[in-house]
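Me: Got a minute to go through this one with me? I'd like to start with helix packing.

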There are 2 protein chains.
Amino acid sequence: MTQPVKGRVTIPSENNFYEETLKIAAQWHADAVRDSDGTHLDPRFKDNHMKIYNAYFPVRGHNDFISQHREEIPEAYLMSERVVATEATVTIAFAEAYFDQQLQPDYRHDPKEYWQVYDRTAGVVIDPVQWSVDQAHNTITVTDITPWHEFTVSFLAYCIWDPVEMYNHLTNDWGDKPHEMPFDVLQPHSHEFVLAEMKRWLADHPEVDVVRFTTFFYQFTLIFNKHAKEKYVDWFGYGLTVSPRMMAEFEKATGEKLTAEDFVDEGYYNSPFRVPSDHFRQYIDFVSQFVSETAKELVDLVHADGKEAMMFLGDHWIGTEPYGKYFSHIGLDAIVGSVGDGTTTRMIVDIPHVRYREGRFLPYFFPDSFNEHNDPSIEAKQNWIQARRAILRAGMERMGYGGYLSLAAKFPKFVDTVTQITDEFRDIHAHTQDTKPQSNLRVYVLNQWGKLRSWQAFTVAHAIPNKGSYTYYGVMEALSGMNVDVHFLSFQDILKNGIPNDADVLLNMGDEGTAYSGGDVWQNPQLVAAINAFVHQGGGFVGIGDPSAVRYQGQFFQLKQLLGVEREVGYTLSYDKYFTEVTKDHFITQGIDQFNWGESKLGVYSTDEATQILEYSNGEIHLSAHPFGQGQGVYMTGLPFSFLNARLLMRAIYYAAGATDRITQGYADNPACEVSLFPETHQYCVINNSAEAVDTTVYLNATSKHAVHLAGNAIEWGSLK
Amino acid sequence: MTQPVKGRVTIPSENNFYEETLKIAAQWHADAVRDSDGTHLDPRFKDNHMKIYNAYFPVRGHNDFISQHREEIPEAYLMSERVVATEATVTIAFAEAYFDQQLQPDYRHDPKEYWQVYDRTAGVVIDPVQWSVDQAHNTITVTDITPWHEFTVSFLAYCIWDPVEMYNHLTNDWGDKPHEMPFDVLQPHSHEFVLAEMKRWLADHPEVDVVRFTTFFYQFTLIFNKHAKEKYVDWFGYGLTVSPRMMAEFEKATGEKLTAEDFVDEGYYNSPFRVPSDHFRQYIDFVSQFVSETAKELVDLVHADGKEAMMFLGDHWIGTEPYGKYFSHIGLDAIVGSVGDGTTTRMIVDIPHVRYREGRFLPYFFPDSFNEHNDPSIEAKQNWIQARRAILRAGMERMGYGGYLSLAAKFPKFVDTVTQITDEFRDIHAHTQDTKPQSNLRVYVLNQWGKLRSWQAFTVAHAIPNKGSYTYYGVMEALSGMNVDVHFLSFQDILKNGIPNDADVLLNMGDEGTAYSGGDVWQNPQLVAAINAFVHQGGGFVGIGDPSAVRYQGQFFQLKQLLGVEREVGYTLSYDKYFTEVTKDHFITQGIDQFNWGESKLGVYSTDEATQILEYSNGEIHLSAHPFGQGQGVYMTGLPFSFLNARLLMRAIYYAAGATDRITQGYADNPACEVSLFPETHQYCVINNSAEAVDTTVYLNATSKHAVHLAGNAIEWGSLK
């Protein structure tokens, strides 16, 4: 390992821990210090050479103010539980399912104007003359209805407890500490207050170098139930941005009138897995434009004060849309985000229009990880190894940690592990000089969201596995460290501009009818024709799960013709299915004989003798390839993350692209290992993603290969000259 | 065992095997003798006391006739393979995928009038001016099309080789034996010929007692591919009933014009798993009315000749619809069908409007079962045991076998086994005197077909397991021998007449979007309200697989409110799923701790704390129960047949019905055993469905129980007095 470059590391600290912090900071070569939730930096840092970050919460922590303007508390549209009417009248305790310390019905605005009672069985809105509200009991009584139908109430509620503060409060048992009420910067008093408070704070904090916004104005959707437990979480949710004023402003700007159902969405609340409605797309656009303009006001104040503005990717980040068209307008200097794995690393480091990006690594220095029963160095190491592949692909200017340093300091093995990690991090920079590694192919991930949700597809709550999505999330994770350029493309992009000229492979995955698979858009002949042409003329298509799935014109997979497989959803049982023989010695499965398909799709079968079946079990196909003109289609049933699956996907992508000869351009034949080439600095590295020592053959190109022995999790650098 | 009653058994025989037949017939107490495909009875049977059955094929075996009227050969609409156009013109070898010895394009009728070229990508029919046919090469060239779209040709073809004869011919390698061409009784010459030939044949066969029609006029759909292998089989298919004349007659009768697409159905050919279109329902009605009228002409001739008319349930049975409204009109004396299992037994013996029903048991006396490497007595025994449960439920007047008796005679162990089976069969009659057993509950199986497809749901090819349906077929099989009355109900029945007053339990099962689950009908509020009311007022609902599934108004299971579970199809990942705890000691799972869910549905979760989760694994529910008003909903993910699963279903049905106290009305606590009560004859029996000896406690009612030891597969009778 060459000499580490100093810096690039942010260390948390707290009051009365100054000397100890300096000691650890020296060990980690930290050049910046930060506060955390509930900590304050020792004043002596003012005179220290380290950069000072300070967390800043624009829309909470000022109950004095918001108590005077409760009408400016953010709101949400909530749907009651579904209630079956047993007679022609039904009474619905509409707020019953929700945590009343978080959510309170909004009776300020006329329910008859803003709320909706739905007959969900008939799919119709009930005329407001048929219902009345009992404010004392939070019930609605609906009359003259059809018995045995099911009814819901969609109502506006104030979110009187900031969800993140609520979460910390409840998790850490903060007792009678007052609940922080958030405020909505769209409202006049709040807007004025937020700006004035920013100015005041800047004047009070000359020592601060970096204002770490945590975050701006709208919290992602986080709704608790009557047991004070999480009921609904959507890390991308716009649920808490709504208000009668926002709806009115939207209508003024677009001419479109929104109703409760635009937010409630049958109870699905516009989950990003839903194919977004036109209204929801417009709404995202509208809110994010507003957020960017208002965030810019704060950032301009920060800049005017000679400080840097950094945004935390999380919490009140809704509407910032870092991959959207208004983000650059905010004028941020930096972004910081929590590193959960390779995918979340890319979610941070691929963000454009900032000067630097910082990863906040795990574990957070909290007692849940730092206690006598746990060795936090294990999680630290795993977290680093998961992120490292992604950092090698896309860079990351800085790293850091968060929480109570005084707690972490009690774990010397952990402190040592982070010393190694930070050294390794800087060493990467020393070798790469912030240049990009070689990419052999360009892959476009195709879904309803496209670029707006770059690296965000299949996330429900940030970096938390979900039974319904881990099978696809594994693909994101595999891609995050693969030696290909990854881009995100929407169906609308194709319909508007065609398939990008530089695309080697299109990748479409997800469950039938979701935004990621695509849903009804696959009935659009222009889309299917464009992909047919692309692949037939030599492009690659990789489909995972239910790619191109919609029940239309005799097919379930609308790209069956190029995938060579179809899924039996019940309509083709009368057809004999003869093709079951597995093609041995195929490029894709070379060296791989263990498979894990996750929540695998049932009943995929070959429709064509040209289909190369690569894995067949339980009477169905889980992996196959198929020629189509000059191109190839590859089908996989699912791909949870593992090193072996990442390798499988890599080989599948190269095969689909017709680029099997390019795979030796930076390759290790041991699936635990990956090779990155940095042509500009004439360097390459080999990483061992496994904790075990391994042997592998390293290929730098078609003619150069050599054997390497790597210790567990090692990274080794070499020269390309 | 009491003294067996003689008779009730039909034995096959053949020429030059008279004495040997009499010997075996005496052993089996057979009282009827039959010919089989390719055999003729010895003339001496004329003078024997045994009844003589003779197979009769009305629409094949007369190539001399049909060669003169080739325009009267039956037809089918076939769809070409799908072809992607790479430019604005495409040529499609439309017949290429099919077996040209079976199917030949019909150029007699103008292709421009009857055929269709489809742009399947755009979902539109191409104007016939854009295409031309090359009859010499069986190709169609389509011009001025959108490149990269996919095209199909739907064309009429003559079925020049009778599919069943073709199957036997190819399977038994009959070489240059002429192919039997079928003829269509709708056509004038064929109609005249069929009647004349029937008269001639009757005059020639005074010795015959029973004319065994094999069958009437229209073969179920059986289409072979270019490799002379089965391509498509639908035991219920109307594919081979079509002709321009049939379409014209249909239009005359209904005013509705049919097109190729009414038959091709996007390439699904109106599989019974498809929700039937209005046109297809009308077409079934129209054809079956015609078939019943024409079959009656033959049956009347048979009766006029003093003979009985028996129909084989299979082969050319299409349009007879034994559970339809025209079947009684035919005036048949008897029905005979192949016994594959309990379900197919019920499919035969539940047929109304005939005097007696005969089961033809397996194995068929053909060399595939009767060879030196196989012990056919094993299959015989298994077949009997599978059928016996159903026979005890519903009766079966006669049984028999088919094939070459001379071959079977070489297997003395087999002959002995059948001796035991026939004795046991007659013994059942001795005890039951053809009375009905006690039923404790009434179960209605709810789907798009209702009564018309009684016991036929989930069959693709008769008694042949199918990966896509065995998970539901197992439910039919379990019901076939259960001590409940089973009825079949369509959604249309409920919408027209409500839920029958005598219903205890509704059962809905199948995959999303199929005719068995129901598809879009679940958006009909009248249907959902009727079932809500039924269950809330005390009824039971059992849902299996994707019951009530359609993506509508925030739910996938439209009866979620009564099932207490929902399936995650991708839209509710943001909701926390807290309910995972299994309810122990539940009535449904009592005594059952091994589960097999078949092609299980992924992602079913509880939405309600009242849901009793009965099996939870892989992070999902496979079995649960839920109260709803006075009634109960039960959910199961799938239920392939096993004795244990049959028991599980039985307990689930009793639980759903709120009739747990009635389960001791004829019950054995060993799941391998079942008890039938015959109150009219004061008899009961216990059967052991397993080949192993077992011990069980037998319950005759809530207060009477006793221990029983049963040999493998034993049946034991006792008195209820």
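Me: Which way does α10(A) cross α14(A), left-handed or right-handed?
Reply: The crossing of α10(A) with α14(A) is left-handed. Bear in mind that this is a predicted model.

Me: At roughly what angle do the axes of those two helices cross?
Reply: Roughly 65°. The axes of α10 (residues 342-349) and α14 (residues 470-480) of chain A come within 7 Å.

Me: And which residues meet there?
Reply: From α10(A), they are A:Gly342, A:Thr343, A:Thr344 and A:Arg346. From α14(A), they are A:Tyr473, A:Met476, A:Glu477, A:Leu479 and A:Ser480. By class, that contact has three nonpolar, four polar and two charged residues.

Me: Now chain B. How many residues of α10(B) are buried?
Reply: Eight of its eight residues, so the helix is mostly covered, with buried meaning under 20% relative accessible area. Among them are B:Arg346, B:Met347 and B:Ile348.

Me: What do the buried residues of α10(B) pack against?
Reply: Two strands and two helices of chain B: β17 (334-338), β18 (356-360), α11 (376-394) and α14 (470-480).

Me: Switching to B:Phe312. Where is it?
Reply: B:Phe312 is in strand β16 of chain B, residues 308-312.

Me: Buried or exposed?
Reply: B:Phe312 is buried, at 9% relative accessible area.

Me: What is B:Phe312 in contact with, leaving aside neighbours within four places in sequence?
Reply: Its contacts include B:Arg212, B:Phe213, B:Thr214 and B:Thr215. B:Trp317, B:Val336 and B:Arg360 are also on the list.

Me: What separates the C-alpha atoms of B:Phe312 and B:Lys51?
Reply: 17 Å in space, with the two residues 261 apart along the chain.

Me: OK, the glycines. Where is B:Gly267?
Reply: B:Gly267 is in the loop between α7 (260-264) and α8 (278-304) of chain B. Its relative accessible area is 4%, so B:Gly267 is buried, the cut-off being under 20%.

Me: What does B:Gly267 touch, not counting residues up to four places away?
Reply: A:Tyr575 and B:Met79. The first of those names belongs to chain A.

Me: How far is B:Gly267 from B:Arg82 in space?
Reply: 9.6 Å, C-alpha to C-alpha, and they are 185 residues apart in sequence.

Me: And where is A:Gly468 found?
Reply: A:Gly468 is in the loop between β20 (442-447) and α14 of chain A. At 22% relative accessibility, A:Gly468 counts as partly exposed. Leaving aside neighbours within four places in sequence, A:Gly468 is in contact with A:Asp511 and B:Leu573.

Me: So how can chain A be laid on chain B?
Reply: By a turn of 180° and a shift of 0.0 Å along the axis, with an RMSD of 0.0 Å. The two copies are thus related as by a two-fold rotation axis.

Me: Why do the copies meet through the same surface?
Reply: Because 100% of the interface residues of chain A are also interface residues in chain B.

Me: Last topic. What feature does UniProt place at residues 442-659 of chain A?
Reply: The UniProt record, an unreviewed entry, has "domain: Lacto-N-biose phosphorylase central" there. That span is 22% helix and 27% strand, and its end C-alpha atoms lie 11 Å apart.

Me: And what does the annotation covering residues 7-438 say?
Reply: For chain A, UniProt gives "domain: Lacto-N-biose phosphorylase-like N-terminal TIM barrel", again from an unreviewed entry. Residues 7-438 are 34% helix and 19% strand, with the end C-alpha atoms 26 Å apart.

Definitions and conventions: Residues are numbered from 1 along each chain as its sequence is written. Chains are lettered from A and ligands numbered from 1 in the order in which they are written. This is a predicted model: local features need pLDDT of at least 70, side-chain atom pairs count only at pLDDT 80 or more; totals for chains, interfaces and linings use all residues. Side-chain values use heavy atoms; hydrogens and water are left out. Copies are superposed by least squares on the C-alpha atoms of residues with pLDDT of at least 70 in both. Contact means heavy atoms within 4.5 Å. UniProt positions are given in the numbering used here, feature names are shortened, and annotations may be inferred rather than shown by experiment. Helices (H or I, at least four residues) and strands (E, at least two) are DSSP runs, numbered from the N terminus. Axes are lines fitted to C-alpha atoms, for helices over the stretch in contact, and angles run from 0 to 180 degrees between N-to-C directions. A crossing is left-handed if the near helix is turned anticlockwise from the far one by less than a right angle, and right-handed if clockwise. Ala, Val, Leu, Ile, Met, Phe, Trp, Tyr, Cys and Pro count as nonpolar, Asp, Glu, Lys and Arg as charged, and the others, Gly among them, as polar. Buried means under 20% relative accessible area, exposed over 50%, partly exposed in between (1.4 Å probe, protein chains only).
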